[in-house]
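Subject: Structure handover

Hello,

Here is the structure we talked about, with my notes underneath. Please read them with the model open.

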Amino acid sequence: MKEFHIGEVIKKKRLELGLSQIELCGGICDISTMSRIETGKQTPAKNKLALLLERLDLPSERYFALVSQQEADIQNLQTEIIFCHARKDPKAGLEKLAALEAIVEEDDHITQQFILRNKAGMGYWENGEIKPYTQEQTLELLYEAIRLTVPGFSIENFEAGRYGVEEIKIINQIGLCYYDMGDNKKAVSIYRPLLHYIKNTFCNLEQAHLLDLLVSYNYGLALYMEKEYEAALEIAQAARRSCIHSNRYTTCFGGVLYLISHSLYKLGRIEECRQYFYQAYYVYMALEDFKDAQMIKDNAAEFGLDITLEC
């Protein structure tokens with residue numbers, strides 16, 4: 001079997017997509033470095049290689065890359081920080097972020113971007129307490145983060161660019177900021193093209209399904225708040241079917257079912273609404289997320305629906 005240097009793989013895919021070297025490597029490395037990578041004269045650091053491959057919709061996990069001890073330490077800390085997010089443990093997360101900041105190089109924009117994005121979500125220490133950033137401060141951090149690898153980024157025409165997983169997550173968070181600020185129209189204008197980008201560009205990436213589900217959920221919420229109930233229902237149902245067909249589920253799945261139930265209620269489809277309340281409730285119970293399970297039960301009661309089942 002013929003073996004290819006990673007630079008050959010990158011160049012072949014880049015040409016297939018009709019991208020110039022500068023369109024691919026912008027914010028990651030300069031064009032002379034890109035040329036050396038493609039000719040096999042230089043191998044990029046693992047995080048740079050991963051982002052180049054993601055922008056090309058090439059799954060980085062298929063390509064072997066040697067890493068230094070520092071790269072391994074950075075990767076391990078990033079994994080731990082992600083777990084802290086999942087466990088809703090900002091104290092441990094901020095401690096890990098501080099450890100990551102202590103070892104990352106100043107010119108490692110990709111890791112610096114990861115740090116800024118997670119700071120925006122976790123908050124900061126003040127007088128021994130963790131406090132959240134204001135929405136305006138969060139937006140500032142997120143724009144600073146994405147411009148590290150996408151210089152000149154503008155939310156108004158972002159769909160013209162090429163992005164990796166971390167950059168997509170940042171754009172999603174920017175949309176969520178506008179949603180939290182009550183600017184649902186702005187959020188919808190971000191999520192619509194973002195979801196289109198994911199569905200039409202990410203076909204091979206391992207995280208594509210997770211990104212699709214996350215953005216679909218937030219998009220559906222923004223549509224719901226704009227009283228576009230049919231559109232919200234359509235987006236949420238598509239996300240539900242995607243989970244079922246791919247047999248992949250995340251904590252977002254309960255939220256999708258919950259959004260479906262609310263949309264159905266607003267459309268007067270009460271019996272269908274009741275069934276999705278049941279499903280959302282027991283998904284959260286199965287995940288031992290009793291707080292959200294109780295919230296759904298209480299919300300159903302406000303709609304005049306009893307979703308208690310005897311087991």
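The chain exposes about 16300 Å², and carbon and sulfur atoms supply 52% of that area. Accessible areas come from the Shrake-Rupley method with a 1.4 Å probe; for residues, only the protein chains shown count as cover. This is a predicted model: local features need pLDDT of at least 70, side-chain atom pairs count only at pLDDT 80 or more, and totals for chains, interfaces and linings use all residues. Residues are numbered from 1 along each chain as its sequence is written, and side-chain values use heavy atoms, with hydrogens and water left out.

Overall picture

The chain has 15 helices and two strands. Both are DSSP runs numbered from the N terminus: helices are H or I with at least four residues, strands are E with at least two. The C-alpha trace spans about 70 × 50 × 40 Å along its principal axes. The radius of gyration is 21 Å, which agrees with the value near 19 Å for a compact globule of 311 residues. That radius is taken over C-alpha atoms, and the globule rule is 2.2 Å times the number of residues to the power 0.38.

Of the 311 residues, 46% are buried. Buried means under 20% relative accessible area, exposed means over 50%, and partly exposed lies in between (1.4 Å probe, protein chains only). Contacts (heavy atoms within 4.5 Å) often reach far along the chain: among those between residues at least 6 apart in sequence, 62% join residues at least 24 apart.

Charges: 34 side chains are positive and 45 are negative. The centres of the two sets lie 4 Å apart. Lys and Arg count as positive, Asp and Glu as negative; His and the chain ends are not counted. Each charge is placed at NZ of Lys, CZ of Arg, CG of Asp or CD of Glu.

Helices H8 and H9

Start with H9, residues 165-180. Its 16 residues should span 22 Å at 1.5 Å a residue; the end C-alpha atoms are 23 Å apart, which agrees. The expected span is 1.5 Å times one less than the number of residues. H9 is mostly covered, with 14 of its 16 residues buried. Just after H9, Gly182 takes a positive phi of about 90°.

H8 (residues 135-146) has twelve residues. From first C-alpha to last, H8 reaches 16 Å, close to the 16 Å expected. Its buried residues are Thr138, Leu139, Leu141, Leu142, Tyr143, Ala145 and Ile146. They pack against helix H7 (109-122) and H9.

Leu141 is a good residue to click on. At 13% relative accessibility, Leu141 counts as buried. Leaving aside neighbours within four places in sequence, Leu141 is in contact with Leu116, Ala120 and Tyr133. Leu141 and Ala120 are 21 residues apart in sequence, and their C-alpha atoms are 6.2 Å apart.

Loops

Which residues other than glycine take a positive phi? Asp57 is one, with phi near 60°. Asn127 is another, with phi near 55°. Most residues other than glycine have a negative phi. Asp57 is found in the loop between helix H4 (46-55) and helix H5 (69-86). Asn127 is in the loop between strand S1 (124-126) and strand S2 (129-131). Their surroundings contrast: Asp57 is buried, at 6% relative accessible area, whereas Asn127 is exposed, at 75%.

Asp57 also touches Leu205. Leu205 is in the loop between helix H10 (184-201) and helix H11 (208-225), and counts as buried at 9% relative accessibility. Not counting residues up to four places away in sequence, Leu205 touches Glu54, Asp57, Leu58, Pro59 and Val165.

Leu19 is in the loop between helix H1 (6-16) and helix H2 (21-25). At 13% relative accessibility, Leu19 counts as buried. Beyond its neighbours within four places in sequence, Leu19 is in contact with Arg14, Leu56 and Arg162. The C-alpha atoms of Leu19 and Leu56 are separated by 9.5 Å, with these positions 37 residues apart along the chain.

One more position

Ala238 is found in helix H12 (residues 229-246). Is Ala238 buried or partly exposed? At 30% relative accessibility, Ala238 counts as partly exposed. Ala238 and Ile171 are 67 residues apart in sequence and 21 Å apart in space, C-alpha to C-alpha.

Best wishes
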